[in-house]
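Please read the points below with the structure open beside you. They concern aromatic rings, one strand unit and the enclosed spaces.

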Amino acid sequence: MTTTPTRPRTPARGSTGTAYTRVEGREKVTGAARYAGEIPFADLAHGWLVLSTVAHGRIRSLDTDPVLAMPGVLAVLHHDNAPRLNTDYVGMLGKPDPTYAVFQNDRVPHLGWPVALVVAETPEQAREAAESLVVHYDQEPHDIDFSPARTDTYPADGHMPAVTQKGDLEAELAASAVVVDAEYTTPEEHHSMMEPHAATALWDGGRLEVVDSNQGATWVVGELANLFSLDPASVRVRSEHVGGGFGSKGVRAHQVAAVMAATVLQRPVRVVMTRRQMFSLTGYRSPTAQRVRLGADADGRLRALEHTSLNLTSQVHEFVESSTAPSRVMYDADAHHTAHRLVRLNVPTPTFMRAPGEAPGSFALESALDELAEKCGLDPIELRLRNEPERGPVSGLPFAGRNLAACFREGARRFGWAERDPRPGVRREGRWLLGTGTAAASFSAGAGPSTATITAEADGTYTVRIAAADIGTGARTALTLIAADALEAPPDRIRMRIGDSDFGPAMIAGGSTGTRSWAWAVRAAAAELRERLALGADIPPEGLSARADTTEALGALANKERHSYGAQFAEVAVDVTTGEVRVRRMLGIFAAGTIVNPLTARSQLVGGMIWGISMALHEEAVRDRATGGVYGPDLAGYHVATHADVPLVEADWVDDHDPEDPVGIKGIGEVGIVGAAAAIANAVWHATGVRHRDLPIRPDRVLQAAAEVPHA
């Protein structure tokens, strides 16, 4: 549950900053909003993916004839007959993952690799036929052993340099009065959004159309155009409503397979993944093995900071979980070293997942800071404030506002931190040991080039067209409020149209860059339109339009460290006789620039914090060494926090303004989860006196720790 804050607010100006219900809310609660798997098409055929049942090997043959003879079956696509794809390109996010360049060869690099698509008149016929398809393999030994002790790991850049370093690390550690040297692990985690991945492909007048559930129509257009060697102008992607993305809904096997089938059959084809297929084909957060070494003077000031992280990736594609990212911006030291390493295994390719890098990285870093505070005899908040950097520790760039200290001050006041007894294991309530913990949060505030068009209609309303993606965050409503203020019109006169690549290029909904990027384009288009109207331009029956492209404006923005920040607080109760851990309350105070819509913003932040509870105590995908697959790949076997696990959760924010930023939005989709797991783990230590460096903090781990430390 949440509570409404009582702290006075800076008065809102216009629509921005005012709580506003979702503009599409009625459609969603009445079922009028249709998602990608629900939109009707004439002559629609249905595809069902067939996934490998071995974790490594080659496809020897497929028994397709019996399947083709089954009722309603139209085609079976596989590596011997599927259209050839172009994979020699670099797209918006790098080179394509061969996982979605389906049916191009006979290799099988992991369990659940797509080996065929069965297309039939109905989804029931397609599923029955797909489950009847016999595939023969030449099986080879597979390797899924993820361990920091492996000798075949290697540094990898990903979306940031693999290694950063300055200063003499060993010398500074040796000169430090206090040293922390600890290893932390986080498990494999999955997105598992409520709406599965779904796409319908069809050709209309020589043009490819895809109705999809994705995080960026521009992104999907670019990938499909490259893969199928098409002019991007001949590809249209629509994605009006998206039931959750969290980093997973980019380009996947189902879209490419649907396009293949629509091309072969010359009729619309829909492919919807099952929940179990999503565990193999839509990415996940890689497990991590991290080591943090901190050296400090007796007063807690850092002399040395080393943070290294290892994650796994597939045999066919590199993905780096950049877990040392928080260390590169949060704290400085005379010697500052960070590194990312990879190991290739017979597993699916990981991908971006809410706060990629920062979520697991903050668990290690903020847990280590707590351990350092304990050794120094300092309050954990005071230790962090003593190590506030003046510039980016790695980049050397100035901060475009860094209000982390304000978050901690306000959070400590609201949470009652001053009354905390710092001694661990002294608070008890019946069978429960009670503890409190805190951690810092940060996430980058970037922006990408976007275009937007606004039309002044003859009836006095405005239509905004932008290829934004509302993945459940309330972006459609936020953009409506931004447009209303920019046009000096009430929100009910704004008609917001999003999710269509025909509206022009726009940034994806990812990395907390979406609303920031789109708002910039909407404001620029509104300024152009207002200028034309002020000069006396007439509005014709078809309306008067203005278009903006933010590419040049973004290039002119000063190069600085831009981030959202936060302070997370948690209170837990631990029963060391049963191993049960209960989070009793959480508070997050954030500095995230301009808050456009407090109603949906609070939902985003609270949602991230609840995910942090899930990360700390529940989520853990475990792979079967015998098969290479995940045990229980569904929402029954994969545990997430539910209503019974969610206590009083409050999210609020401090005023946070960058005078050099014309938009002022920093993004809130990711920062809510950052630091949340560390705050809970630190609270468990405060309750029991035992450190948990491996997530999740399961009952068996609590019991084992209690057995090793009887007094806890």
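1. The model is predicted, and the remarks that follow should be read with that in mind. The side chain of F319 is a suitable place to begin: F319 is buried, with a relative accessible area of 8%. F352, by contrast, counts as partly exposed, at 24% relative accessibility. The dividing value is 20%, under which a residue is called buried.

2. How do the rings of F319 and F352 lie with respect to each other? Their centres are 5.0 Å apart and their planes stand at 90 degrees; since planes over 60 degrees apart count as edge-to-face, the pair is therefore edge-to-face. This is one of 7 aromatic pairs in the model.

3. The pair formed by F319 and F352 links distant parts of the chain, for the two residues are 33 residues apart. F319 belongs to the loop between β15 (302-313) and α8 (325-330), while F352 belongs to the loop between β16 (335-344) and α9 (358-376).

4. The loop between β16 and α9 also holds G357. Its relative accessible area is 0%, so G357 is buried. G357 and T324 are separated by 33 residues in sequence, yet their C-alpha atoms are 6.9 Å apart in space.

5. Other aromatic residues deserve attention. F408, F415, W417 and F569 form one aromatic cluster. Two arginines lie over ring faces: R402 over F399, at 4.8 Å from the ring centre, and R691 over W685, at 4.3 Å from the ring centre.

6. Which elements make up the right-handed β-α-β unit? The unit consists of β20, helix α12 (residues 475-487) and β21. Strands β20 (residues 462-465) and β21 run parallel and are joined by 4 bridges. Within this pairing, R465 has R497 of β21 as its bridge partner.

7. Strand β21 (residues 494-497) has two unlike faces: I494 and M496 are on the covered face, and R495 and R497 are on the uncovered one. In a regular strand, side chains alternate between the two faces of the sheet. R497 thus appears twice in this note, as the bridge partner of R465 and as a residue of the uncovered face.

8. Finally, the enclosed spaces should be noted. Across the whole structure, 3 cavities of 30 Å³ or more are found. The largest cavity holds about 60 Å³ of space. Its lining includes D97, T99, Y100, R252 and A253. Also among the lining residues of the largest cavity are S280, L281, T282, G283, P348 and T349.

Notes
Residues are numbered from 1 along each chain as its sequence is written. This is a predicted model: local features need pLDDT of at least 70, side-chain atom pairs count only at pLDDT 80 or more; totals for chains, interfaces and linings use all residues. Side-chain values use heavy atoms; hydrogens and water are left out. Rings of Phe, Tyr and Trp (its six-membered ring) pair if their centres lie within 6.5 Å; planes under 30 degrees apart count as stacked, over 60 as edge-to-face and the rest as tilted. Buried means under 20% relative accessible area, exposed over 50%, partly exposed in between (1.4 Å probe, protein chains only). A charge sits over a ring if NZ of Lys or CZ of Arg is within 6 Å of the ring centre and within 35 degrees of the ring normal. Two strands pair if DSSP finds at least two bridges between them. A crossover is right-handed if, with the strands pointing away from the viewer, the path from the first strand over the helix to the second runs clockwise. On a 1 Å grid over the protein atoms alone, a cavity is a set of points where a 1.4 Å probe fits but cannot get out, and a pocket is an open set with protein on both sides within 12 Å along at least five of seven lines; lining residues have an atom within 4 Å of a point. Grid points are joined across faces, edges and corners, and a volume is the space filled by probe spheres set on the points.
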